[in-house]
Amino acid sequence: MNWFLIYMGIKMVGIKRAAILMLCVSCAVVSCILCVSLIQDFRSAVLISASGSRPHLTITFKMMSWSDAIKIAGQIQNSSHLIKSLSPSLRLTGKSQIEVRNGDDELTYDGSAHIEVVAYPFNPGVPAPVELKSVYSEGNRNQDIGESPVEIIEQTFSNDNHRVIISENFQSRIFRRPMPHGNAFTFTLPKKNNSDKEKPIKFHARTAGTIITSPLTFGEDHNDVIYVRTDDIQRDLGLENVCNSIDVLLFSASDAVKVAKEVKSMNLSVNSILTWEESEKESISVIYLLDYGIALTALMVGAMVTACLSAIFYMVIADRLRRIAILSALGMNRRMICYSFASIAVGIGLAGSILGIIMGNIVANISGRHIADIMSHLYQRTPEFIQIPTVMYFLIPLSITAMSCIAMIIPISLAVRVNPANLLHSE
Amino acid sequence: MDAIIKCTNITKKYSATSTGGFLDDVIILNKVTFVAERNSMVAIIGSSGCGKSTLLNIIGLLDCQTEGELEIDGESINISKLNQIEICRIRNQKIGFVFQSHNLLPELTAEMNIALPLLVRGESKANALKRARDLLEELFTPEELGTNIGRRPPAKLSGGQCQRIAIARALVGNPSIILADEPTGNLDESSADRVFSLLIDLQQRKKLSIVLVTHNLLQAKKIEKCFGISHGVLSPVPPKEILI
């Protein structure tokens, strides 16, 4: 390390400019950390919220007795340390398997109604939210949907029904009760016009692994409470002591593939192994879209920072052309001049990165929660704190330092090629 | 006599392409042949734009001649064939520059500016600064030294002081030749006289080889060997024939 050249670099760039450049670099690091933390923590939090379940594998078998399922679950549990817990279950999916009865009398909705749905998910202990997906308005397909009491964001037509998807946050909220097994969802429909009296409404909600579809009936000034319990359904169907699947709860989503491989290698008579991502494709694809958005933002931030750094470095070099010519006249060769400036760029990159990491963590943890609030508006879930993978603590500073070094080396390598005689003659 | 600089048929030409094709070829120096003897002072005079500084730049390896041969301190130098590192080494070790504008680095103190060629050469900071302080003591009066001149940046020095610092910087590396391009051009009369006297004195005391480009005919008259450039052609001018 040539201290004289580093000293000259500091003198040439100047402390104030170096500080400005360092701040620029640290801003870049802050934005990178924000993006990474969003991708890492919010992604997993939003995935969990969106899918209504924690990272898991769903292993399906032929129908078997509960005691057999317990034995197999034990074998699987012993095969990998990546498994958090297992729960044999009867997996019932699809609308036809779930029936919600709410009395024989069909009531007509003609006033505001307060409806509460309490859903108990398949996986005990997994606090899955209930999520209102849509409201079906059956009857005349040609009816004017604009008169619907709920805000319509999409409508689709099929042979037997007319589906109206309403905004989820329309006079509705999802809240978490301190309940042992599930969560509740409530929504309120405002008073309708008299002309809508005869129209029955179905609602379509979703909870962990279960689609709840109900022909809702509304009574005059009546508040309906509908309970959906999977064990009730099992009992109704006469399937109390049988299982057809084992839900393997994992510590992280990334372990799913490894555990799936291990289970496959056990030669159990498995029908299928669905990873969390496979079983929750629909929800996850939305999150991936979100990821791409964030990644694109990060890329744009990176490009802008590179452009800014290059511009500032270019200005610094342009301002120092005469000094570079003097140094050249005194015998400093191109390599020495480049080393001198590049070492400062490295220093700025490293110091800016360290500052950026500290600031980034603070900013991400403070503002991240607000971002989380916006993002999880639909899911009502905010991560406890923001963390980025350890490797990123090295990767981000290294890439930013390399970026600042390149941004410095390009103009300086051009500057040292200018004939010093021309530069010294210019004034 | 031993030649410190030997220029043979040096031609410097700016081609039409380098001027964007708007002008014809411009010949700045036309087959200039010139010898500067070791331990002597040579003056080059001429009107503005006649090519004095260009010749000095070529001798100082800051610029490249179009044709001709250059020899410095017995070493034949072809700038187009030497690599940049080698050119810089020769500049650092064999040539000392004094420019019209002092060209000191404003970010450094006076003594660091003086020490710069030695530091570039790779000498230790302590040695370089010691040599710089020795030169400061040689070139400045005790009164001036009492104002802590060495620790001050060029912005806090007068023009004459800056130019003396520049001379010290040119001397610090014990170069074979000192090239001074109108060193008093930016100074008032008394400062100019002082700087010029210092150069004469140093040359005589230290037996330096100096090539001085100047506009000042009074100064040129005091130098034993003088050349004039006109229309790119260099010719000797006896001091007695210089008309003021």
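## Exposure of a loop residue

A residue is exposed if 12 or fewer other C-beta atoms lie within 10 Å of its own, buried if 20 or more do, and partly exposed in between. In this predicted model, H231(B) has 11 C-beta neighbours inside 10 Å, so H231(B) counts as exposed.

H231(B) sits in a loop of chain B. Strand 9 (225-230) comes on one side of that loop and strand 10 (233-236) on the other. The phi of H231(B) is positive, near 50°, and the residue is not glycine. Most residues other than glycine have a negative phi.

## A second positive phi

N174(B) also has a positive phi, near 50°, in a residue other than glycine. Its loop in chain B runs between helix 6 (159-171) and strand 7 (177-181). Around N174(B), 13 other C-beta atoms lie within 10 Å, so this residue is partly exposed.

## Helix 4 against helix 6

Helix 6 of chain B packs with helix 4 (residues 125-139) of chain B. The angle is about 130°, and the axes are 10 Å apart. Helix 4 of chain B is therefore oblique to helix 6 of chain B. Their crossing is right-handed.

Which residues make the contact? Helix 4 of chain B brings L135(B), L136(B) and L139(B). Helix 6 of chain B brings R164(B), I167(B), A168(B) and L171(B). Six residues of this contact are nonpolar, one is charged and none is polar.

Technical notes. Residues are numbered from 1 along each chain as its sequence is written. Chains are lettered from A and ligands numbered from 1 in the order in which they are written. This is a predicted model: local features need pLDDT of at least 70, side-chain atom pairs count only at pLDDT 80 or more; totals for chains, interfaces and linings use all residues. Helices (H or I, at least four residues) and strands (E, at least two) are DSSP runs, numbered from the N terminus. Axes are lines fitted to C-alpha atoms, for helices over the stretch in contact, and angles run from 0 to 180 degrees between N-to-C directions. Angles under 35 degrees count as roughly parallel, over 145 as roughly antiparallel, 65 to 115 as roughly perpendicular and the rest as oblique. A crossing is left-handed if the near helix is turned anticlockwise from the far one by less than a right angle, and right-handed if clockwise. Two residues are in contact if their C-beta atoms, placed from the backbone, lie within 7 Å. Ala, Val, Leu, Ile, Met, Phe, Trp, Tyr, Cys and Pro count as nonpolar, Asp, Glu, Lys and Arg as charged, and the others, Gly among them, as polar.
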